[in-house]
Amino acid sequence: MSPALRVVVADDHALARAGVRMILESQPDIAVVGEAGDGHAAVAAADRLRPDVVLMDTHLPRLDGVAATRRLAAHRVLLLTSGSPEERLVEALRAGARGFLLKHASAGDLVAAVRAVAAGDMLLSPAATRALFERIAPMLHLDAAPPPSALGELTERELDVLRLLARGLSNGEIAAQLFVSGATVKTHVSHLLRKLCLRDRVQAVVFAYDSGLVQPRG
């Protein structure tokens, strides 16, 4: 059996830390090895415990989560925010955060995010993805579209899923809009990533804008 993923949880609210610990430790492959109530303590705990993921609130006392992330360049940091994703998203990514998730995300999304970041993937919540790409879409080279055969590999339903994914919808929201199950959407996402040789949803969003499949909102 492979060793559990080691996580440090940083939040200034003890009840919030306890809730996150309970969610993560309900999984057999995840262990919370440390907690911190402020940014300085989070940096110290990460340096001492060498976790696989530091799960950190953006709004911490003494040293906020984004500033703490800058000091944790050797660590994989997943930031949680209760505010709007636009507020500090770009700053967080520049600081080196590997993920950005809203605090009201489901327990399943939180667990999946920790696993993804631990595996080395970049993880943005749907709302954060939407905020980021509506901001940077005008800077993408929409005239530099990939070969037509790339989009031609996708079925009509996969194209529908890609369009909605690029608008920042979650799997559940896509499922509701297309009147299919969440499992079906997950399968479509997996298939389109494989066909387009993309690593994750963030790359899929870039591809959708860069190929011209989705246009920036004016």
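**Exercise 1.** In this predicted model, find which strands helix α1 lies across, and give its angle to β2.

*Solution.* Step 1: locate the helix, which spans residues 14-24. Step 2: list the strands beneath the helix axis description: α1 lies across β1 (5-10), β2 and β3. Step 3: read the angle, which is about 165° between α1 and β2.

**Exercise 2.** Work out the strand order of the open sheet, and state which strands stand at the edges.

*Solution.* Step 1: the sheet has six strands with parallel pairing, in the order β2-β1-β3-β4-β5-β6. Step 2: β2 (30-36) and β6 (123-124) each have a single partner strand, so one side of each is left without a neighbour in the sheet. These two strands therefore stand at the edges.

**Exercise 3.** Describe how β3 is joined to β1 and to β4, and name a bridge pair for each.

*Solution.* Step 1: β1 and β3 run parallel and are joined by four bridges. Within this pairing, Val-8 has Val-54 of β3 as its bridge partner. Step 2: β3 (residues 53-57) and β4 (residues 77-81) also run parallel, again with four bridges. Here Met-56 is partnered by Leu-79 in β4.

**Exercise 4.** Decide how many residues of β3 are buried, and sort them by face.

*Solution.* Step 1: recall the alternation rule. In a regular strand, side chains alternate between the two faces of the sheet. Step 2: assign the residues. Val-53, Leu-55 and Asp-57 are on one side, Val-54 and Met-56 on the other. Step 3: check burial on each side; all of these residues are buried, and both faces of β3 are covered. Step 4: conclude. Five of the five residues of β3 are buried, so the strand is largely enclosed by the rest of the structure.

**Exercise 5.** Characterise the surroundings of Asp-57, a residue of strand β3.

*Solution.* Step 1: take the relative accessibility of Asp-57, which is 3%. The cut-off for burial is under 20%, so Asp-57 counts as buried. Step 2: look for a polar partner. The Asp-57 side chain reaches the backbone nitrogen of His-59 at 3.3 Å. Step 3: collect the contacts, leaving aside neighbours within four places in sequence. Those of Asp-57 include Ala-10, Asp-11, Asp-12, Gly-65 and Lys-103. Leu-79, Leu-80 and Thr-81 are also in contact with Asp-57.

**Exercise 6.** Find which residues of helix α2 are buried, and show where they fall around the helix axis.

*Solution.* Step 1: within α2 (residues 39-49), the buried residues are Gly-39, Ala-42, Val-43, Ala-45 and Ala-46. Step 2: seen down the axis of α2, these buried residues fall within an arc of 165°, so they line one face of the helix. The spacing rule behind this step is general: an α-helix has 3.6 residues a turn, so residues three or four places apart point the same way. Step 3: identify the cover. The buried residues of α2 are covered by elements including β1, β2, β3 and α3 (65-70). Step 4: inspect the ends. At the N-terminal end, Asp-38 acts as a cap, with a side-chain oxygen 3.0 Å from the backbone nitrogen of His-40. After α2 comes Arg-50, with a positive phi near 50°.

**Exercise 7.** Phe-179 and Cys-197 have positive phi without being glycines. Place each in the chain and state whether each is buried or exposed.

*Solution.* Step 1: Phe-179, with phi of about 60°, sits in the loop between α9 (171-178) and α10 (182-195). At 75% relative accessibility, Phe-179 counts as exposed. Step 2: Cys-197, with phi of about 55°, is in the loop between α10 and α11 (201-210). Its relative accessible area is 68%, so Cys-197 is exposed.

**Exercise 8.** Trace the largest nonpolar core and name the helix that gives the most to it.

*Solution.* Step 1: this core has 25 residues, and those with the most contacts inside it are Val-161, Leu-162, Ile-174, Leu-192, Leu-196 and Ala-204. Step 2: at least two residues each come from α8 (156-166), α9, α10 and α11. Step 3: α8 gives the most, with six residues. Step 4: separate the other core. Apart from the largest core lies another, of 22 residues, among them Ala-10, Val-54, Val-66 and Ala-97.

Note on methods: Residues are numbered from 1 along each chain as its sequence is written. This is a predicted model: local features need pLDDT of at least 70, side-chain atom pairs count only at pLDDT 80 or more; totals for chains, interfaces and linings use all residues. Side-chain values use heavy atoms; hydrogens and water are left out. Two strands pair if DSSP finds at least two bridges between them. Contact means heavy atoms within 4.5 Å. Axes are lines fitted to C-alpha atoms, for helices over the stretch in contact, and angles run from 0 to 180 degrees between N-to-C directions. Buried means under 20% relative accessible area, exposed over 50%, partly exposed in between (1.4 Å probe, protein chains only). The arc is that of the directions from the helix axis to the C-beta atoms. A polar contact is a pair of N or O atoms within 3.5 Å; within protein, one must be able to donate a hydrogen and the other to accept it, and residues adjacent in sequence count only if both atoms are side-chain atoms. A nonpolar core is a set of buried Ala, Val, Leu, Ile, Met, Phe, Trp, Tyr and Cys residues joined through side-chain atoms within 4.5 Å.
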